[in-house]
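Morning, everyone. I'd like to walk you through one structure today, so have a look at the screen and stop me if I go too fast.

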Amino acid sequence: NAKFNGRGTAAFYSADMDADLRQRRLVESELRHAALRDQLSLVFQPLFDASNGTCTGYEALMRWHHPDLGQVSPATFIPVAEETGIIVTLGEWALREACRTAASWDDGLAVAVNVSAVQFRFPDLVDTVSSALTDSGLEPHRLELEITETSLIENRETVLAMLQKLRALGVMIVIDDFGTGYSSLGNLQAFPFDKIKIDRSFIWQMEEDESARAIVKAIIGLGKSLDLPVVAEGIETFGQHRMVIEEGIEQLQGFLLGKPKSAGEVEVLSGIRRVPTFRKRG
Ligand code: C2E
Ligand code: MG
Ligand code: MG
Ligand code: MG
């Protein structure tokens with residue numbers, strides 16, 4: 001291993017690169033079958049109303065358990081899925097599974113599903129969302145789609161039209177990881193968002209870094225001016241919690257308040273009852 005050899009030769013590094021590439025190919029080929037082989041699952045992380053501490057809904061997050069690779073982190077497999085286009089299949093699976101689960105819960109709360117920029121390259125995303133709602137029987141206002149600004153870079157007109165159609169279905173559009181990457185304030189004006197989610201990197205720096213706190217404050221102020229609720233993700237400490245509340249945040253999410261849990265755990269902990277689910281005929 002090049003790391004332990006310190007000043008490794010080019011040969012060491014190239015052997016490492018081969019190993020990385022082989023690992024990546026393995027992840028890629030195994031990921032193609034993950035859905036059919038029943039290796040995917042969703043976990044649900046709660047979101048809270050900052051004014052009264054009640055749970056307002058859950059974000060559905062994908063998990064992949066492979067028999068040999070074990071639990072593979074989304075940080076590893078989501079980028080591979082995006083680069084290969086596999087995310088289109090995985091994303092549809094997540095959407096349908098999240099709608100089905102939320103529809104089976106009698107709490108009436110919202111479920112947020114992450115939608116990749118790659119999924120916006122296919123106009124039938126709108127039909128997929130529409131049929132996920134119809135097939136599950138979930139009321140559209142209970143579905144939130146979390147998108148990042150990466151989705152807004154290419155084909156802005158097409159993406160805008162898709163977002164308008166999605167909103168016409170009655171679903172909520174959330175801008176995720178706001179403040180990072182390709183952020184532009186103009187996006188908030190040009191696209192029909194219902195909520196802003198501040199990227200967790202700012203929340204994590206808030207206590208030590210005045211400028212991070214200033215950015216959080218500015219995003220919350222922007223939300224107020226534009227009449228968009230703002231949610232802070234990644235809250236881990238009491239200090240971060242106090243600061244975002246002081247700045248006037250509307251919603252909260254983070255390990256301090258609740259970690260992602262399986263559907264079964266959520267049901268037990270929240271006393272949710274299963275309602276008879278709508279079944280597709282035919
Ligand atoms: P994201 O959409 O920004 O989701 C939030 C991530 O932050 C989740 O990581 C969540 O577990 C983590 N998180 C929330 N609060 C805390 C906290 O207090 N501390 C720490 N350390 N982490 C916290 P996860 O589940 O590993 O997902 C990472 C990313 O992978 C997501 O970021 C999202 O971009 C992507 N992802 C996950 N599931 C899906 C999916 O179904 N579809 C798509 N397209 N992307 C997904
Ligand atoms: Mg998200
Ligand atoms: Mg996020
Ligand atoms: Mg993200």
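I'll start with the ligand, move on to the nonpolar core, and then go through a handful of single residues.

One thing up front: this is a predicted model.

Okay, the ligand. There are 22 residues around ligand 1, and the ones that come nearest are Arg63, Asn114, Asp176, Glu236 and Phe255. What is that shell made of, by class? It has 10 nonpolar residues, 5 polar ones and 7 charged ones.

Where do they sit in the fold? At least two shell residues apiece come from strand E2, residues 55–66, from helix H2, residues 74–84, from H3, from strand E6, residues 172–178, and from helix H7, residues 200–205. E2 makes the largest contribution to the shell, with 4 residues.

Now for some individual distances. The side chain of Glu59 has an N or O atom 3.1 Å from an oxygen of ligand 1. For the Arg200 side chain, the distance from an N or O atom to a ligand oxygen is 3.0 Å. With Ile235 we're talking backbone: a backbone N or O atom there is 3.4 Å from an oxygen atom of ligand 1. And how much of the ligand does the protein bury? On its own, ligand 1 exposes 800 Å², and 86% of that is buried by the protein.

Let me stay close to Glu59 for a moment, through Gln253. You'll find Gln253 in the loop between strand E9, residues 251–252, and strand E10, residues 261–262. Is it buried or exposed? Gln253 is buried, because its relative accessibility is just 1% and the cut-off for buried is under 20%. Setting aside residues up to four places away in sequence, Gln253 touches Gln45, Pro46, Leu47, Glu59, Lys197, Ala232, Glu233, Gly234 and Ile235. So that list includes Glu59 and Ile235, and Glu59 is the residue with the 3.1 Å side-chain distance to a ligand oxygen. Gln253 also has a side-chain polar contact with Lys197, at 2.8 Å.

Next, the core. In soluble globular proteins, nonpolar side chains tend to be buried together. Here, the largest nonpolar core has 72 residues, and Leu143 and Leu145 have the most contacts inside it. The biggest contributor is helix H3, residues 87–103, which gives 8 residues. What does Leu145 touch? Beyond its neighbours within four places in sequence, Leu145 contacts Leu95, Val113, Val115, Val129, Leu166, Val171, Met172, Ile173 and Val174.

Now Trp64, which is in strand E2, the strand that gives the ligand shell its largest share. Trp64 counts as buried, because its relative accessibility is 0%. Not counting residues up to four places away in sequence, its contacts are Val27, Glu30, Leu31, Ala34, Gln39, Leu40, Leu69, Gly70, Gln71, Val72 and Phe77. Two of those deserve a word. Leu31 is 33 residues away from Trp64 along the chain, with 8.6 Å between the C-alpha atoms. And Gln39 makes a 2.9 Å polar contact with Trp64, side chain to side chain.

There's a charged residue to look at as well: Glu267, in helix H10, residues 263–270. Glu267 is buried, with a relative accessible area of 15%. Its side chain makes a 2.9 Å polar contact with the side chain of Arg274. Leaving out neighbours within four places in sequence, Glu267 contacts Trp105, Ile272 and Arg274.

For contrast, take Phe238, in helix H9, residues 238–246. Phe238 counts as exposed, at 67% relative accessibility. Phe238 and Lys197 are 41 residues apart in the chain, and their C-alpha atoms are separated by 19 Å.

Last stop, backbone angles. Which residues have a positive phi without being glycine? Asp177 has a phi of about 55°, and Asp227 has one of about 65°. Asp177 is in strand E6 and is partly exposed, at 22% relative accessible area. Asp227 is in the loop between helix H8, residues 210–226, and strand E8, residues 230–232. Asp227 is exposed, with a relative accessible area of 68%.

That's my tour, so over to you for questions.

How values were computed: Residues numbered from 1 in each chain as written. Chains lettered and ligands numbered in written order. Predicted model: local features only at pLDDT ≥ 70, side-chain atom pairs only at ≥ 80, totals over all residues. Heavy atoms only, no water. Core = buried A, V, L, I, M, F, W, Y, C linked by side-chain atoms within 4.5 Å. Buried < 20%, exposed > 50% of the residue type's maximum accessible area, 1.4 Å probe, protein only. Contact = heavy atoms within 4.5 Å. Near = heavy atom within 4 Å. Polar contact = N/O pair within 3.5 Å; in protein donor to acceptor, adjacent residues only side chain to side chain. Areas by Shrake-Rupley, 256 points an atom, 1.4 Å probe, with all protein chains shown as cover. Nonpolar A, V, L, I, M, F, W, Y, C, P; charged D, E, K, R; others polar.
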